[in-house]
Structure formats: structure tokens, C-alpha cells
Amino acid sequence: MATLEIRDLRVSVEADNATKEILKGVDLTVKQGETHAIMGPNGSGKSTLAYSLAGHPKYTITGGTVTLDGEDVLEMSVDERARAGVFLAMQYPVEVPGVSVSNFLRTSATAIRGEAPKLRTWVKEVKEAMERLHMDPSFAERNVNEGFSGGEKKRHEILQLELLKPRIAILDETDSGLDVDALRVVSEGVNRVRETGEVGTLLITHYTRILRYIKPDFVHVFANGRIAESGGAELADKLEAEGYESYVKGGVSA
Ligand code: ADP
Ligand code: MG
Ligand code: MG
């Protein structure tokens, strides 16, 4: 069972010629098969955590450790992290000119698996995964992210998740901008992946809405750059009723 361990993680960004500490000691353990919801107010550092785990160069690690089965993730390049099985859904949010979804997915799968998937079985795999996500087959031939609607971007993320089969999946605001039907389809995709028991999921969200479809094993409240409280699914109900106010008294910034 793969285990991602985050210990006392501290992360800063350079902004306006000053160094600003965003993550102030994050502790979290995610095991394969577990679903963790990370919830918190805007600006609390949730996306910073996601980007830091994926190795985004903008974020400077100033302290703490992140390991996957004891291996130092922070020492790995972005590609090495992907190969080790750490997947960030919005890792490639940009348009990739001239590269179709189908080729992009195969290239990603090749990078992660270390060998190219056999073309015939691959085409079938992609087709079936797209059907499950209610995606039109023509989507596979479109260029990555070119003119994608919000809903198409999210479906594309879940398509990657289903096909690339990471060990640790980080989904940042996968629910934002989705109508109820799309939210259901996307949630079903996450639940399918979850049912394999082979993926540990970090579901980052501001809203409790998606948790009606995906029942987390653990809920963590993120505030002021660290986890302020952890609990089970019932903590999400409390947040839905009471909001984040009690966690941010004293102001969002530090
Ligand atoms: P969340 O995802 O919880 O809304 P973020 O991680 O996006 O929070 O942002 C946390 C804080 O860090 C905010 O004050 C934001 O302005 C700041 N921040 C995040 N990324 C950057 C960046 N690349 N440059 C400057 N400031 C950043
Ligand atoms: Mg965010
Ligand atoms: Mg180091």
C-alpha cells in the first residue's frame, strides 16, 4: 500500500519582491485506497499544497518533508513524481497546440508506465473510459484544452485519472464550475477509481456540494496555511451548516 506522508511542510512564494510564507506546517498522511477531503476558505493555501506536491517551480519548500513509501518526493522532478504515481489533475491546465487528447493521454501513459500501451487495447481503453464519462468520441481528436468548456476540462481530468491510474491523486476544485449533471458524472468517475482501492485521493474543495456524491473517509479543514481540524465525513456536515468562520477569526492573512 502506497503512503504519502507530509510532515511539517512549509512553503513560500515570491510576490511583490517579498517572500510570503503560505504553508505553515502541514501534516497529512494519505494511504492508497483512502479519500481525504481538504476543505477551507479561499486563500487558505489549498492550491499551494497541490502545486507544491506536484513540484511547481513557483513554490519554494522552506521546511518539512514529503515522502511516498519513504522516497523523498521533494527531490523528484515533475516527471519523476508522475512516474512514482503522484497525479495532479490540473497539472496541465494549458493548451497544448497540435496535440490531440488521444495522443496526449498515450504520451502521459507511456511516461508513467515506462512503455507505450499497445495501440489497439489503448484505443479501446480510451473509448470505454470516455463512454463512462458521457463524452463524445470526437473529443479524443480535439487539441488538449483548446476551447474546452469548464465541464470538458473537468471530464478530461477524470479521464486522465481513470486511464493513468495514479497511486495518489490530487484533485483541486474539480467540482467548481460544474452543473449538477456534470458534477454527478465526474463524481461517479472519482468513485469508480476509488473502488479499485488502488488510489489515495486528495479531494480539495471550497464547497461541500461534491461531498454529497463522494463520501470522504477523512475531512480536513485548511485554514491559514495548515490543517486546523481533522475528522470523518461528519465534519463536512458541520462545515456545511456553520461555514469556515470559526477557523478564520483573526483574519485570513498572517
Ligand atoms: P486556496 O487554493 O486555498 O484558495 P491558494 O493556495 O491559491 O489558496 O493561495 C494562498 C495564498 O497564497 C493567497 O494569499 C495567494 O494570494 C497566495 N499565492 C498563491 N500562489 C501564489 C503565487 N504564485 N504568487 C503569489 N501569491 C500566491
Ligand atoms: Mg485554490
Ligand atoms: Mg530538499
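Histidine 36 sits across from leucine 202 of strand 8, a good place to start reading this predicted model. The two residues belong to a parallel pairing: strand 3 (residues 35-39) runs alongside strand 8 (residues 200-205), with five bridges between them. From there we can walk out to the rest of the sheet, then to the hairpins, the ligand site, the aromatic pairs and a couple of loop residues.

**The six-stranded sheet**

- Strands 3 and 8 are part of an open sheet of six strands, ordered 6-7-8-3-9-10, and the pairing in this sheet is mixed.
- The edges are taken by strand 6 (86-88) and strand 10 (226-231); each has a single partner strand, so one side of each has no neighbour in the sheet.
- Going from one strand to the next, the twist averages 20°.
- As a reminder, strands in a sheet pair through backbone hydrogen bonds, and they can do so in parallel or antiparallel fashion.
- At the strand 10 edge, strand 9 (residues 218-223) and strand 10 pair in the antiparallel sense, with five bridges.
- Within that pairing, valine 221 faces glutamate 229 of strand 10.
- Strands 9 and 10 make a hairpin with two residues between the strands, and asparagine 224 has a positive phi there, near 50°.

**Strands 1, 4 and 5**

- Strand 1 (residues 3-15) pairs with strand 4 (residues 60-68) in the antiparallel sense, through seven bridges.
- If you want a landmark for this pairing, look at serine 12, whose bridge partner in strand 4 is threonine 60.
- Strand 4 also pairs with strand 5 (residues 71-72), again in the antiparallel sense, this time over two bridges.
- Leucine 68 has glutamate 71 of strand 5 as its bridge partner.
- The hairpin of strands 4 and 5 has two residues between the strands, and aspartate 69 takes a positive phi near 50° in it.

**Around ligand 1**

- How many residues surround ligand 1? There are 14, and the closest are Ile22, Gly43, Lys46, Ser47 and Thr48.
- Serine 47 comes in through its backbone: one of its backbone N or O atoms is 2.9 Å from an oxygen atom of ligand 1.
- Threonine 48 uses its side chain instead, with a polar atom 2.6 Å from an oxygen atom of ligand 1.
- Tyrosine 59 has a side-chain N or O atom 2.9 Å from a nitrogen atom of ligand 1.
- On its own, ligand 1 has 550 Å² of accessible area, and the protein covers 70% of that.
- Which elements give two or more residues to the shell? They are strand 1, strand 2 (18-31) and helix 1 (46-54).
- Helix 1 gives the most, with three residues.

**Aromatic pairs**

- The model has two aromatic pairs.
- Tyrosine 59, already met at the ligand, is stacked with tyrosine 51, with 5.6 Å centre to centre and 5° between the planes.
- Is tyrosine 51 buried, exposed or partly exposed? Its relative accessibility is 23%, so tyrosine 51 counts as partly exposed.
- Phenylalanine 139 and phenylalanine 148 make a tilted pair, with 4.7 Å centre to centre and 40° between the planes.
- Phenylalanine 139 is buried, at 5% relative accessibility.
- Phenylalanine 148 is buried too, with a relative accessible area of 7%.

**Two loop residues with positive phi**

- Asparagine 145 isn't a glycine, yet its phi is positive, near 65°.
- You'll find asparagine 145 in the loop between helix 4 (119-132) and helix 5 (150-164).
- Where does asparagine 145 stand on accessibility, buried or exposed? Its relative accessibility is 6%, so asparagine 145 counts as buried.
- Lysine 165 isn't a glycine either, and its phi is positive at about 45°.
- Lysine 165 lies in the loop between helix 5 and strand 7 (168-172).
- With 52% relative accessibility, lysine 165 counts as exposed, whereas asparagine 145 is buried.

Note on methods
Residues numbered from 1 in each chain as written. Chains lettered and ligands numbered in written order. Predicted model: local features only at pLDDT ≥ 70, side-chain atom pairs only at ≥ 80, totals over all residues. Heavy atoms only, no water. Pairing = 2+ DSSP bridges. Helix = DSSP H or I, 4+ residues; strand = E, 2+ residues; numbered from the N terminus. Axes fitted to C-alpha atoms, helices over the stretch in contact; angles between N-to-C directions. Phe/Tyr/Trp six-rings, centres within 6.5 Å; stacked < 30°, edge-to-face > 60°. Buried < 20%, exposed > 50% of the residue type's maximum accessible area, 1.4 Å probe, protein only. Near = heavy atom within 4 Å. Polar contact = N/O pair within 3.5 Å; in protein donor to acceptor, adjacent residues only side chain to side chain. Areas by Shrake-Rupley, 256 points an atom, 1.4 Å probe, with all protein chains shown as cover.
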